[in-house]
Amino acid sequence: MAPPVPGSLSSLRWRWILLTTRHRDVRFLYWPPQHPTGHRNLRMFDRDGYNIGRLVWVVCDTCRVGSINKISIDPDRHRRGLGRRLVRRALADGPGYAWQTTHQSPQARKFFPVLEEEFRVALPEFGGVCEHLSSPTRFRTPSTGRRPRPMLERSV
């Protein structure tokens, strides 16, 4: 049975990505935000095309802040540097910005301090967000049309 096709991709494009990256153990697909302060989504897929992890983050270029909202990796893939690669990619969208994380699991409370030291950037839990990133409860920004297509991230 073939793995499911990621959202916003045609099955033909997904097969092409799998074929052209068959030498890679992990593929990274990036969904850009629909608006400048929207959620950015980076998902990881294994050699067979199955989803093995995800990172969701936001940045505000006006206030120079960023927030890592969700990071999850298949437990069988922990301690292989994948989480580090995901966070490094997010931080590249806001070099020199003030960063925060949302609620941290017990594993994350061990993970983020290691990254703080390695990347020399503070990653506090609930550091406070700017007015552009915080939104009223249940408020969703109206869609601006077609959702951006995911892109293959080769630099992660």
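1. Let me start with one residue pair: isoleucine 68 sits across from threonine 101 of strand E5. That pairing belongs to the parallel match between strand E4 (residues 65-73) and E5 (residues 98-101), which holds 4 bridges. To get from E4 to E5 the chain goes by way of helix H2 (residues 82-92), and the resulting β-α-β crossover is right-handed. Keep in mind throughout that this is a predicted model.

2. Now the whole sheet. It is open, has 6 strands and mixed pairing, and reads E5-E4-E3-E2-E1-E6 in order. E5 and strand E6 (151-153) are the edge strands, each with pairing on one side only. From one strand to the next, the twist averages 25°. As general background, sheet strands pair through backbone hydrogen bonds, parallel or antiparallel.

3. For the antiparallel sense, look at strand E2 (residues 40-46) and strand E3 (residues 51-60), joined over 6 bridges. Phenylalanine 45 has asparagine 51 of E3 as its bridge partner. Helix H1 (residues 11-20) packs on the sheet, where it touches strand E1 (26-31), E2 and E6. The directions of H1 and E1 make an angle of about 140°.

4. Back to threonine 101 in strand E5. Is it buried or exposed? Threonine 101 has a relative accessible area of 1%, so it counts as buried. Setting aside neighbours within four places in sequence, its contacts are Ile68, Phe112, Leu123, Pro124, Glu125 and Phe126. So Ile68 turns up both as the residue opposite threonine 101 and in the contact list of threonine 101.

5. Leucine 123 is the next one to click on. Not counting residues up to four places away in sequence, leucine 123 touches Ile68, Leu91, Trp99, Thr101, Gln104, Phe112, Leu115 and Glu116. Leu123 is also among the residues with the most contacts inside the largest nonpolar core, along with Phe28, Met44, Trp57 and Trp99.

6. That core has 25 residues. At least two residues come from each of E1, E2, E3, E4, H2 and helix H3 (106-119). Which element gives the most to this core? H2 does, with 5 residues. There is another core of 7 residues lying apart from it, including Leu9, Trp14, Leu18 and Leu29. In general terms, nonpolar side chains tend to be buried together in soluble globular proteins.

7. On to charges, where the count comes to 7 salt bridges. One of them brings the side chains of arginine 47 and aspartate 25 together at 2.3 Å, N to O. Arginine 47 is in the loop between E2 and E3, while aspartate 25 is in the loop between H1 and E1, and 22 residues separate the two. As for accessibility, arginine 47 is partly exposed at 42% relative accessible area, and aspartate 25 is exposed at 52%.

8. A buried example is the salt bridge between the side chains of arginine 40 and aspartate 93, at 2.9 Å, N to O. Arginine 40 belongs to strand E2 and aspartate 93 to the loop between H2 and E5, so this pair ties together parts 53 residues apart in sequence. Why call both residues buried? The cut-off is under 20% relative accessible area, and arginine 40 comes in at 9%, with aspartate 93 at 19%.

9. Aspartate 93 has a further salt bridge, to the side chain of arginine 89, at 2.7 Å, N to O. Arginine 89 is buried as well as aspartate 93. Which residues are linked with these in a network of salt bridges? The network takes in Arg40, Arg89, Asp93 and Glu153.

10. Two backbone angles deserve a look. Arginine 79, which is not a glycine, has a positive phi of about 65°. This residue is found in the loop between E4 and H2 and is exposed, with a relative accessible area of 86%. Arginine 120 is the other non-glycine residue I'd flag, with a positive phi near 55°. Arginine 120 lies in the loop between H3 and E6, and its relative accessible area of 77% makes it exposed.

Note on methods. Residues numbered from 1 in each chain as written. Predicted model: local features only at pLDDT ≥ 70, side-chain atom pairs only at ≥ 80, totals over all residues. Heavy atoms only, no water. Pairing = 2+ DSSP bridges. Right-handed = clockwise from strand over helix to strand, strands pointing away. Axes fitted to C-alpha atoms, helices over the stretch in contact; angles between N-to-C directions. Contact = heavy atoms within 4.5 Å. Salt bridge = Lys/Arg side-chain N within 4 Å of Asp/Glu carboxyl O. Buried < 20%, exposed > 50% of the residue type's maximum accessible area, 1.4 Å probe, protein only. Core = buried A, V, L, I, M, F, W, Y, C linked by side-chain atoms within 4.5 Å.
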